[in-house]
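The following note is offered to a colleague who is meeting this structure for the first time. Its points are numbered for ease of reference.

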Amino acid sequence: MFDYKLLAALAAVVEQGGFERAAQLLGLSQSAVSQRIKLLEARVGQPVLVRATPPTPTEVGTRLLNHVQQVRLLERDLQRQVPALEEDGIPERLRIALNADSLATWWAASVAGFCAEQRVLMELVVEDQEVGLKRMRAGEVAACVCAAERPVAGARSLPLGAMRYRALASPAFIERHFPDGVAPHALARVPAIVFGPDDLLQHRYLAALGVEGGFAHHLCPSSEGFVRLTEGGLGWGLVPELQVQEQLARGELRELIADRPIDVPLYWHHWRHGGELLARLTDHLSRAAERWLVPMA
């Protein structure tokens, strides 16, 4: 059996960013919190924390944190059913993997009201939409938004809609590289902008135009930075339509080839036994996403 006082100490250290704040939250001395972490490590036979600033969980520590989170969600459900068990405390924390483009566009507007109403804190782990499900598979998060439809064992998947991307560049970039119009085969010979090694959107776009093989590109692992580089004329890239509506309206960005968007489907994955709170968030997201995402083909 787990000693949940030890697990609570681990969660407090990670969530509060250090032993001192964790001690204040738990009403213990700093040395007592440290002793609980050492005892937990002795019981699992390996470190649960990397002693850095701030402390970060090891792989096994992350799995324990995910377990603590699921237990808290189940306890929250029980407290709703048995009001005498309710205690005043800090809001519940949900650890969710999310792609950067969703975070930069529709996510905040979709969940702000829910978090305020339900007294929920979110810890967001940013991953590319193509690989976010690995966090679920590793047991590191309670839910995720990603492009994979098939859920991992023990989880459910809900289609939210698709995020529409358009191939854009600045007017100056287009005039410099394509004075006579954009030819698909020429796109591979001018600089592109790619979010990271797992970002294959530009590859998919070129393949749809009949262009295969590698191409020159900048790497920019930031949604906001991606747009800034595109506006600055450093390259062309696939940008969420939601994120640049004003720039398109003002002519600061232009579509390279008219009406050739790429729609990326997004799915909400969550553990089946995540409790009533996750179920409510799932229902909320299924309605909120309709406002921001386009229907899936």
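1. The side chain of histidine 217 has a polar atom 3.0 Å from the backbone oxygen of phenylalanine 215. This distance, like every other value in this note, is computed from a predicted model.

2. Histidine 217 belongs to strand β8, which covers residues 217–219. Is the residue buried or exposed? Neither term applies: histidine 217 is partly exposed, because its relative accessible area of 40% falls between the limits of 20% and 50%.

3. Two further relations place histidine 217 in the fold. When neighbours within four places in sequence are set aside, histidine 217 is in contact with Ala192 and Val194. In addition, its C-alpha atom is separated by 7.6 Å from that of glycine 235, a residue 18 positions away along the chain.

4. Attention may now turn to aspartate 199. This residue is situated in the loop that joins β7 (192–194) to α10 (201–208). With neighbours within four places in sequence left aside, the contacts of aspartate 199 are with Asp128 and Val194. Val194 is thus listed as a contact of aspartate 199 and also of histidine 217.

5. Which side chain of opposite charge is nearest to aspartate 199? It is that of arginine 204, at 7.9 Å. Aspartate 199 is buried and yet forms no salt bridge.

6. The side chain of aspartate 199 does, however, approach backbone nitrogens. One of its polar atoms lies 2.9 Å from the backbone nitrogen of phenylalanine 195. The side chain also reaches the backbone nitrogen of leucine 201, at a distance of 3.1 Å.

7. The chain as a whole may be described as follows. Its secondary structure consists of 13 helices and 11 strands. Along the principal axes, the C-alpha atoms occupy a box of roughly 70 × 40 × 35 Å. Among contacts with a separation of 6 or more, 74% are made by residues 24 or more positions apart.

8. The remaining points concern burial, surface and charge. The protein chain has 297 residues, and 47% of them count as buried. Its accessible surface is about 14900 Å², with 51% belonging to carbon and sulfur atoms. The chain carries 31 positive and 35 negative charges, and the mean positions of these two sets are 4 Å apart.

Technical notes: Residues numbered from 1 in each chain as written. Predicted model: local features only at pLDDT ≥ 70, side-chain atom pairs only at ≥ 80, totals over all residues. Heavy atoms only, no water. Helix = DSSP H or I, 4+ residues; strand = E, 2+ residues; numbered from the N terminus. Buried < 20%, exposed > 50% of the residue type's maximum accessible area, 1.4 Å probe, protein only. Contact = heavy atoms within 4.5 Å. Areas by Shrake-Rupley, 256 points an atom, 1.4 Å probe, with all protein chains shown as cover. Lys, Arg positive; Asp, Glu negative; His and termini not counted. Charge placed at Lys NZ, Arg CZ, Asp CG, Glu CD. Salt bridge = Lys/Arg side-chain N within 4 Å of Asp/Glu carboxyl O. Polar contact = N/O pair within 3.5 Å; in protein donor to acceptor, adjacent residues only side chain to side chain.
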